[in-house]
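Please look over the sequence and the structure below before reading on.

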4 protein chains.
Amino acid sequence: MFVLVNLKAYPCDHLEVARAAADVADDTGVRVGVAPQAAHLSAVADTGVETWAQHVSPNDYGSHTGSTLAEAAADAGATGTLLNHSENRLKLADIDGSVQAAERAGLETCVCANNPAQIGAAAALGPDAVAVEPPELIGTGTPVSQADPDVVTGAVDAAAAVDESVDVYCGAGISTGDDVTAASDLGATGVLLASGVAKADDPEAALRDLVSGAK
Amino acid sequence: MFVLVNLKAYPCDHLEVARAAADVADDTGVRVGVAPQAAHLSAVADTGVETWAQHVSPNDYGSHTGSTLAEAAADAGATGTLLNHSENRLKLADIDGSVQAAERAGLETCVCANNPAQIGAAAALGPDAVAVEPPELIGTGTPVSQADPDVVTGAVDAAAAVDESVDVYCGAGISTGDDVTAASDLGATGVLLASGVAKADDPEAALRDLVSGAK
Amino acid sequence: MFVLVNLKAYPCDHLEVARAAADVADDTGVRVGVAPQAAHLSAVADTGVETWAQHVSPNDYGSHTGSTLAEAAADAGATGTLLNHSENRLKLADIDGSVQAAERAGLETCVCANNPAQIGAAAALGPDAVAVEPPELIGTGTPVSQADPDVVTGAVDAAAAVDESVDVYCGAGISTGDDVTAASDLGATGVLLASGVAKADDPEAALRDLVSGAK
Amino acid sequence: MFVLVNLKAYPCDHLEVARAAADVADDTGVRVGVAPQAAHLSAVADTGVETWAQHVSPNDYGSHTGSTLAEAAADAGATGTLLNHSENRLKLADIDGSVQAAERAGLETCVCANNPAQIGAAAALGPDAVAVEPPELIGTGTPVSQADPDVVTGAVDAAAAVDESVDVYCGAGISTGDDVTAASDLGATGVLLASGVAKADDPEAALRDLVSGAK
């Protein structure tokens, strides 16, 4: 299981979370990543934790002021990127372009989507992974694996029908090791979470609980 | 074969094209449709021609000023709608929403896309048809079936791999009956065209030539 | 005072509202307009009521599938258009382009904005009118003139500081003749409203009450 | 005069340009800034050069995956930000929000716009500066001060008419000290440039020539 912590634009201490994630990954052997703001990528990568961008733009090098160039994210230490998060929905053509851009820059890709139909569509674009996150459950503390397990199995089936090599992650409401185990039992090979760690009083304890559920 | 004429925002006489399309369809039995500006839908539908919207919004009834409500398009006489045309690219989640909205309103749907990967993605959302239109060929007069036949067969394969019930139309550069035949030979069951009719000196003659290539 | 009824994407009977508005305008001499979906423009205009588009695109004639061409709206009977409604916010450069496009097509323009600073910005682009509508009050039934009169006077001052010839309309929560009078007393020369008429059991009665407050 | 070098998504060595800019500013006393990709902000700021973001999002702290949080840009060392560059046009309401967000984070703001009318609109939102950059001249090497001096004086007048405290910068085609002098003579107090330095064989020499024209 891959546990990926999305720091969004939260007022958390990104270095504290990054160091905790690096320690937990080292101690347990479970894969843990952190996705900070683009401006914090290099500082987070310097902690040694696996570092992901929250987004990269579809463009190549060139006249693209204000874009998030995949190569710049990679250069700052990112090794993967989220794309099309429900808080940053992209045009279909731009998801395609961003997957290509990330690949060019050597970044792993995870395309988020809302439901099994969109997961199938995302898988058709050839990313390394897709993540199903029903928007209505994000930030609720109610895990999708419990509130709506059919969405997770539906996503796993939809991705497999299009491309069996695409991993399926599961997001929305994940905060405990039990949630991670439940996600795994439904066929997910990773979890995406945010507030469960970023807003925790003790991020490291939250992470240790989460990875305890990883198989 | 379905011949769908997209009037875009061209300064053509939409009623002249609509009447010509209605006549040609009546005379030949070939299915011909016209997609005018939303403001012209009812006038075009009044000619008796099969009328398509160029776009409908993903929203349902409600507080959506400036949207193109699927039900309003249907009410004005549309029986189908294009979605995600390369001049009006949509977010993945909104293509999904617009396909659902169109279905609710009883409109047939055709989702446009640029390449086989995106065609697969579009097919995963369950539209009635997809249309492959490499943006670099739109308006060139060089048919995609000739410039890049692999894009058409790739699109047909990509759609079939995801959902065999989804029709594949072919756009970009179509202007003659031979182009229609070539598209059909590559596996397309319809063509999307615009300037070839809308900018023709004699739209009816252009249409008669086009449908002569339909099988 | 100008009373402009925005039908948004409401499931109301657009023809009933249009006929009621035409009758009330005829009977009272008060200026009343109706802004329906683009697909309903011609049907609404046929009732004889002053007809507005909810939006027009910044583009001129050309390859702009899915746009709302100003000339098509005018051709269907519109004589004015809203722009940048809070449900359809536009890029600054596109508001500029849409104001120019509307002017080319002979449409009156009203640019909506959220607060006095944005009203000043909108006025700098040279529209015929601006409308201040705090998004948090839209659809509440609490008129901005009562909930936050400073926003209205601030908008009137901000517009006048930039261009004295720009009219200021007032939206959000307007539903009675008293609200119209209050808006007028604060310096507005028009009101923008939606649900107060579109969702009324008796739209004509609602309109008669509204215009009773117009001076 | 303020000389601000926008590195866009160019494949230049951002550290080489940053160090050159820091040296030139130190040696000459002319204010020189560099605006890199967000992922490069901290590395650029570490050189000691005045560092600007290319964009910040309108949002505050919170659930905004993929945004460019103003506070994160400031935290990484930025002291200013461009907004609404012609390659990254924003909604009017978002320019307003981004100016507020930047101010909260202690960042100076420069809102770009295409023409005098939009410059007036931008000035009404209360930024520290506005920059006029006719899109058709960006990257041409033909300075706006020469190709279209009326745009610069029109922008200076439009900004002053709305708010005299707003500085006006001038962009598009600036590459030599003479261009900087010409911009200053037309009333600009800064210049925005990109390829003239970022694509120069010797960025430091290009910068030394540029600042030689600053008064």
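The report below covers one chain, then two annotated positions, then the pairing of the chains.

## Overall form of chain A

This is a predicted model. The secondary structure of chain A consists of 10 helices and eight strands. Its radius of gyration, 16 Å, is close to the 17 Å that the globule rule gives for 215 residues, so chain A is as compact as a globular protein of that length. Along the principal axes, the C-alpha atoms of chain A fill a box of roughly 45 × 40 × 30 Å.

Of the 215 residues in chain A, 61% count as buried. Among the contacts in chain A with a separation of 6 or more, 68% are between residues 24 or more positions apart. About 7000 Å² of accessible surface belongs to chain A, and carbon and sulfur atoms hold 43% of that surface.

## Annotated positions in chain A

The UniProt record, an unreviewed entry, carries a "binding site" annotation. The annotation covers Asn6(A), Leu7(A), Lys8(A), Ile138(A), Gly173(A), Ala194(A) and Ser195(A). Two of these positions, Gly173(A) and Ala194(A), are taken up here.

Gly173(A) sits in the loop that runs between strand E7 (167–171) and helix H8 (177–185). Is Gly173(A) buried or exposed? Its relative accessibility is 10%, and buried means under 20%, so Gly173(A) counts as buried. Apart from neighbours within four places in sequence, Gly173(A) is in contact with Leu137(A), Gly139(A), Thr140(A), Gly141(A), Thr142(A), Pro143(A) and Asp179(A). One of these partners, Asp179(A), falls within the numbering of helix H8 (177–185).

Ala194(A) also belongs to a loop, the one between strand E8 (190–193) and helix H9 (195–198). With a relative accessibility of 10%, Ala194(A) counts as buried. Which residues does Ala194(A) contact, leaving aside its neighbours within four places in sequence? They are Asn6(A), Lys8(A), Tyr10(A) and Lys199(A). Asn6(A) and Lys8(A), both among these contacts, are also covered by the "binding site" annotation in the UniProt record.

## Chains B and C

A turn of 180° and a shift of 0.0 Å along the axis lay chain C on chain B with an RMSD of 0.0 Å. This is the relation of a two-fold axis. In chain C, the C-alpha nearest the axis belongs to Ala39(C), at 2.4 Å from it.

Chain C gives 32 residues to the contact, and chain B gives 32 residues. Between them the two chains bury about 2300 Å², with 53% of that area on carbon and sulfur atoms. On the chain C side, Ala9(C), Ala39(C) and Thr65(C) lose the most area to chain B, together 27% of what that side buries. Ala39(C) thus appears both in this group and at the axis position given above. Of the interface residues of chain C, 100% are also interface residues in chain B, so the copies meet through the same surface.

## Chains A and D, and pairs that do not touch

Chain D is superposed on chain A by a rotation of 180° with 0.0 Å of shift along its axis, at an RMSD of 0.0 Å. In chain D, the C-alpha nearest that axis is the one of Ala39(D), 2.4 Å away from it. The same surface serves both copies, as 100% of the contact residues of chain D recur in chain A.

Other pairs are not in contact. Chain A and chain C do not touch, and their nearest C-alpha atoms are 15 Å apart. Chain B and chain D are likewise joined by no contact, with their closest C-alpha atoms 15 Å apart.

Technical notes: Residues are numbered from 1 along each chain as its sequence is written. Chains are lettered from A and ligands numbered from 1 in the order in which they are written. This is a predicted model: local features need pLDDT of at least 70, side-chain atom pairs count only at pLDDT 80 or more; totals for chains, interfaces and linings use all residues. Side-chain values use heavy atoms; hydrogens and water are left out. UniProt positions are given in the numbering used here, feature names are shortened, and annotations may be inferred rather than shown by experiment. Helices (H or I, at least four residues) and strands (E, at least two) are DSSP runs, numbered from the N terminus. Buried means under 20% relative accessible area, exposed over 50%, partly exposed in between (1.4 Å probe, protein chains only). Contact means heavy atoms within 4.5 Å. Copies are superposed by least squares on the C-alpha atoms of residues with pLDDT of at least 70 in both. The radius of gyration is taken over C-alpha atoms; the globule rule is 2.2 Å times the number of residues to the power 0.38. Accessible areas come from the Shrake-Rupley method with a 1.4 Å probe; for residues, only the protein chains shown count as cover. Buried area is the accessible area (1.4 Å probe) that two parts lose on being put together, summed over both.
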